Amino acid sequence: MSSKQNSAPAPEDDPRPGRLTLAAALAGLEGLALVAGGGYLLVMTVAGNPDDNQQAVTAGVTLLVLAALPLLAARGLLLRRRWSRGPAVITQILALPVAWNLLQADSLLIPGGIVLAVVAVTALVLLVNPATTEALGIRGPGESA
């Protein structure tokens with residue numbers, strides 16, 4: 001038997017677990033939502049009449065810059081890059097206080113807070129799942145390389 005037949009397949013050769021794909025999709029959707037929000041603020045600044053143009057532009061640009069983190073994480077998760085889980089987890093942890101603030105509002109923002117909370121918690125569960133960790137090649141403490 002050749003050594004190729006005896007060796008275990010590399011993680012990249014295994015099919016990507018559905019949990020990993022779903023976690024990437026959720027991170028990507030969050031990134032796209034930030035792009036949409038930032039774009040909306042910038043367009044409304046130009047087309048509308050905001051109370052403070054500088055504040056509206058700053059908020060829009062900030063949302064666009066923040067969108068890079070979940071979008072890069074989603075791409076990394078789809079490509080099964082080990083580094084991508086950290087930014088994806090950070091994105092979900094940062095989304096939870098935002099969801100909490102939306103839930104405290106007395107307006108139509110409450111459903112948005114519910115959706116964001118469900119997405120963030122679901123993504124966190126998917127990202128710490130052993131199948132996801134294994135697919136990304138992340139080993140726990142004490143595991144040999």
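1. Leu64 sits in helix H3, which covers residues 53–66. Leu64 is partly exposed, with a relative accessible area of 33%. Leu64 also belongs to a nonpolar surface patch of about 400 Å², together with Leu29, Leu32, Val35 and Leu71. H2 contributes the largest share of that patch, three residues.

2. A word on confidence. This is a predicted model. Mean pLDDT for the protein is 88, and 88% of its residues reach 70 or more. Confidence peaks in H4, at 96, and is lowest in helix H1 (residues 3–6), at a mean of 43. Across residues 1–10 the pLDDT is below 50, and beyond near neighbours in sequence this stretch has two contacts in the model. Where pLDDT is low, the predicted coordinates should not be read in detail.

3. Next, the interior. The largest nonpolar core holds 16 residues. Those with the most contacts inside it are Leu20, Ala23, Leu26, Leu77, Ala88, Leu127 and Leu136. At least two residues of this core come from each of helix H2 (18–47), helix H4 (68–78), helix H5 (85–104) and helix H6 (109–128). H6 gives the most, with five residues.

4. Leu136 deserves its own entry. Its neighbours within four places in sequence are set aside here. Leu136 then contacts Leu20 and Leu77, both listed with Leu136 among the core residues with the most contacts. The other partners of Leu136 are Arg80, Arg81, Arg82, Ser84 and Arg85.

5. Which residue has a positive phi although it is not a glycine? Arg80 does, at about 60°. Arg80 lies in the loop between H4 and H5. Is Arg80 buried or exposed? Arg80 counts as buried because its relative accessibility is 10%, under the 20% cut-off. Arg80 is also one of the contacts of Leu136.

6. Thr133 is placed in helix H7, residues 130–135. Its relative accessibility is 15%, so Thr133 counts as buried. Leaving aside neighbours within four places in sequence, Thr133 is in contact with Arg85, Leu127, Val128 and Ile138. Of these, Leu127 is among the core residues with the most contacts, and Arg85 is also in contact with Leu136.

7. To recap for checking in the viewer: the surface patch includes Leu64, the largest nonpolar core includes Leu136, and the loop between H4 and H5 holds Arg80. Residues 1–10, with pLDDT below 50, are the stretch to treat separately.

How values were computed: Residues are numbered from 1 along each chain as its sequence is written. This is a predicted model: local features need pLDDT of at least 70, side-chain atom pairs count only at pLDDT 80 or more; totals for chains, interfaces and linings use all residues. Side-chain values use heavy atoms; hydrogens and water are left out. A nonpolar core is a set of buried Ala, Val, Leu, Ile, Met, Phe, Trp, Tyr and Cys residues joined through side-chain atoms within 4.5 Å. Buried means under 20% relative accessible area, exposed over 50%, partly exposed in between (1.4 Å probe, protein chains only). Helices (H or I, at least four residues) and strands (E, at least two) are DSSP runs, numbered from the N terminus. Contact means heavy atoms within 4.5 Å. Patches are made of residues with over 30% relative accessible area and no salt bridge: like charges are joined within 9 Å, nonpolar side chains (Val, Leu, Ile, Met, Phe, Trp, Tyr) within 5 Å. Accessible areas come from the Shrake-Rupley method with a 1.4 Å probe; for residues, only the protein chains shown count as cover. A salt bridge is a side-chain nitrogen of Lys or Arg within 4 Å of a carboxyl oxygen of Asp or Glu. pLDDT is the predictor's confidence in each residue, from 0 to 100.
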